[in-house]
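Here are my notes on this one, as numbered points you can check off against the viewer. I start with the overall layout and then go through individual residues.

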Amino acid sequence: MAVVVKYVVERNGVERMTFTTKKEADAYDKMLDIAESLELMLEKVDVPLSEQQVESLALEIAKSKDDFMAVLKGTKEVPAKAKKTKSDNVADIKDKAAN
């Protein structure tokens, strides 16, 4: 019998994602913290966005925070890694929450 260590990221009593390393779990948890803070900011903007749009936009910005930071610092080109697809290593929170 093998012993398998799993690190589970949980928010509000809901399991979001399971990782095999603490480093990955901590990084995902930090990304969720950033997304949560961004949601609070986006709710205050003077652009009509639905709750779903605010949540989705905040999560996407949090996933690509390094690319957004580069752009905000005045980088002329968006780094090549910013052109990722939906098949990134981060799962959609909504998919996990629905299960």
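1. A quick definition before anything else: a contact here means heavy atoms within 4.5 Å. With that in hand, take the contacts in the chain with a separation of 6 or more: residues 24 or more positions apart account for 36% of them. Keep in mind throughout that this is a predicted model.

2. On the overall layout, the chain has four helices and two strands. Reading from the N terminus, the order is β-β-α-α-α-α. There are 99 residues, of which 21% count as buried. The exposed area of the chain is about 7,800 Å², with carbon and sulfur atoms supplying 54% of that.

3. Now the inside. In soluble globular proteins, nonpolar side chains tend to be buried together. Here, the largest nonpolar core has 15 residues, and V9, F19, Y28, M31 and L32 have the most contacts inside it. At least two residues of this core come from each of β2, α1 and α2. Which element gives the largest share of the core? That would be α1, with seven residues.

4. R11 deserves a careful look. The residue sits in strand β1, and its relative accessible area is 13%, so R11 counts as buried. Leaving out residues up to four places away in sequence, R11 touches R16, D29, L32, D33 and E36. One of these, L32, also appears among the residues with the most contacts inside the largest nonpolar core. With D29, the R11 side chain makes a polar contact of 2.9 Å, side chain to side chain.

5. Staying with R11, its side chain also meets that of E36 in a salt bridge, 3.3 Å from N to O. Why does this pair matter for the layout of the chain? R11 lies in strand β1 (residues 7-11) and E36 in helix α1, so the salt bridge ties together parts that are 25 residues apart in sequence. The two ends differ in cover: R11 is buried at 13% relative accessibility, whereas E36 is partly exposed at 46%.

6. How many salt bridges are there in total? The count comes to six. Among them is the one between D26 and K22, with the closest N and O atoms 2.9 Å apart. Both residues are in helix α1, and they are four residues apart, so about one helical turn separates them. D26 is partly exposed at 41% relative accessibility, and K22 is partly exposed at 46%.

7. Helix α2 has a salt bridge to check as well: the side chains of K63 and E60 meet at 3.3 Å, N to O. K63 and E60 are three residues apart in α2, about one turn of the helix. Are these two buried, partly exposed or exposed? K63 has a relative accessible area of 25%, so it is partly exposed, and E60, at 37%, is partly exposed too. Elsewhere, salt bridges that share partners join R11, D29, D33 and E36 into one network.

8. T18 is worth a stop in strand β2 (residues 14-19). At 34% relative accessibility, T18 counts as partly exposed. Its side chain and that of E15 are joined by a polar contact of 3.0 Å. Not counting residues up to four places away in sequence, T18 touches K6, Y7 and V8. If you want a distance to check, T18 and Y28 are 10 residues apart in sequence and 9.8 Å apart in space, C-alpha to C-alpha.

9. Last, the surface. V45, V47, L49 and L57 make a nonpolar surface patch of about 280 Å². V45 is in the loop between α1 (22-42) and α2 (51-63). Is V45 buried, partly exposed or exposed? Its relative accessible area is 35%, so V45 is partly exposed. For the patch, the cut-off to bear in mind is over 30% relative accessible area, and V45 has 35%.

Definitions and conventions:
Residues numbered from 1 in each chain as written. Predicted model: local features only at pLDDT ≥ 70, side-chain atom pairs only at ≥ 80, totals over all residues. Heavy atoms only, no water. Patch = residues over 30% accessible without salt bridge, like charges linked within 9 Å, V, L, I, M, F, W, Y side chains within 5 Å. Areas by Shrake-Rupley, 256 points an atom, 1.4 Å probe, with all protein chains shown as cover. Salt bridge = Lys/Arg side-chain N within 4 Å of Asp/Glu carboxyl O. Buried < 20%, exposed > 50% of the residue type's maximum accessible area, 1.4 Å probe, protein only. Polar contact = N/O pair within 3.5 Å; in protein donor to acceptor, adjacent residues only side chain to side chain. Core = buried A, V, L, I, M, F, W, Y, C linked by side-chain atoms within 4.5 Å.
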